[in-house]
Amino acid sequence: AGVKWVRETIENASASTVGGDVGVQYQPAERLWVGAALQHLGGKMTFVKDGTPLPLTVRAGAAWTALRSGDGRRAVTGLLDLSKVSDSRVRVHVAAEGYLAFAKDFTASPRVGYALPLGGIGYVGVFSGLGAGAGLGYRWVTVHYALEPFGTLGLTHRVALTVACGKSNLVRAKVAQQQAK
């Protein structure tokens, strides 16, 4: 579950609201995770006088760690995701994420992904689905950045801050290292 502040600017008008996400994740096998989520629950974006609800999104996906070092400090994970936004078609996303724990308590996660062009709103060419980003973490805090196309409107920049409750990525890496022995 998460709470977020959403801000959008179009020319000289801007709007903001508070929203939330909820989801579940399950690990049926050692290197396989599956999950589902509801995103953008909550408020309305009001630019001038008319409010528009956030675009409710339903997601389901799977992730498989294809490569992992024996000490658990390096990994490559492939991802497959289906999403349905309230006013558009189902989209299929494929992605890869690297994971590297380095120095003391620091992590980096470069990412690249592609939203398969199934037509509909926002499709403007074969490269319109390509996105990239990274996460940089220190202990239980991670800052995420992504650069993604947004159809004819151009590129979007997404920034998120994650504060982990429970085991951090570094604790997971240490557990994986102990299991590998």
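**Exercise 1.** Is Glu-97 buried, partly exposed or exposed, and what is its relative accessibility?

*Solution.* Keep in mind that this is a predicted model. Start with the cut-offs: buried means under 20% relative accessible area, and exposed means over 50%. Glu-97 has 24% relative accessibility, so it counts as partly exposed. Now turn to its partner: Glu-97 forms a salt bridge with Arg-111, with the closest N and O atoms 2.6 Å apart. Arg-111 sits in strand S9 and Glu-97 in strand S8, so the bridge ties together parts 14 residues apart in sequence. Arg-111 is partly exposed too, at 26%.

**Exercise 2.** Work out where the salt bridge of Arg-59 leads, and whether each partner is buried or partly exposed.

*Solution.* First, find the partner: Arg-59 pairs with Asp-81, and their closest N and O atoms are 2.6 Å apart. Next, place the two residues: Arg-59 belongs to strand S6 and Asp-81 to strand S7, 22 residues apart. Finally, check the accessibility: Arg-59 is partly exposed at 28%, whereas Asp-81 is buried at 18%. This pair is one of the structure's six salt bridges.

**Exercise 3.** Describe the setting of Ser-69.

*Solution.* Begin with the location: Ser-69 lies in the loop between strand S6 (57-68) and strand S7 (74-85). Then look at its cover: with a relative accessible area of 16%, Ser-69 is buried. Last, look for a polar neighbour: a polar atom of the Ser-69 side chain lies 3.4 Å from the backbone nitrogen of Arg-73. For context, 23% of the protein's 181 residues count as buried, and its secondary structure comes to one helix and twelve strands.

Methods. Residues numbered from 1 in each chain as written. Predicted model: local features only at pLDDT ≥ 70, side-chain atom pairs only at ≥ 80, totals over all residues. Heavy atoms only, no water. Helix = DSSP H or I, 4+ residues; strand = E, 2+ residues; numbered from the N terminus. Buried < 20%, exposed > 50% of the residue type's maximum accessible area, 1.4 Å probe, protein only. Polar contact = N/O pair within 3.5 Å; in protein donor to acceptor, adjacent residues only side chain to side chain. Salt bridge = Lys/Arg side-chain N within 4 Å of Asp/Glu carboxyl O.
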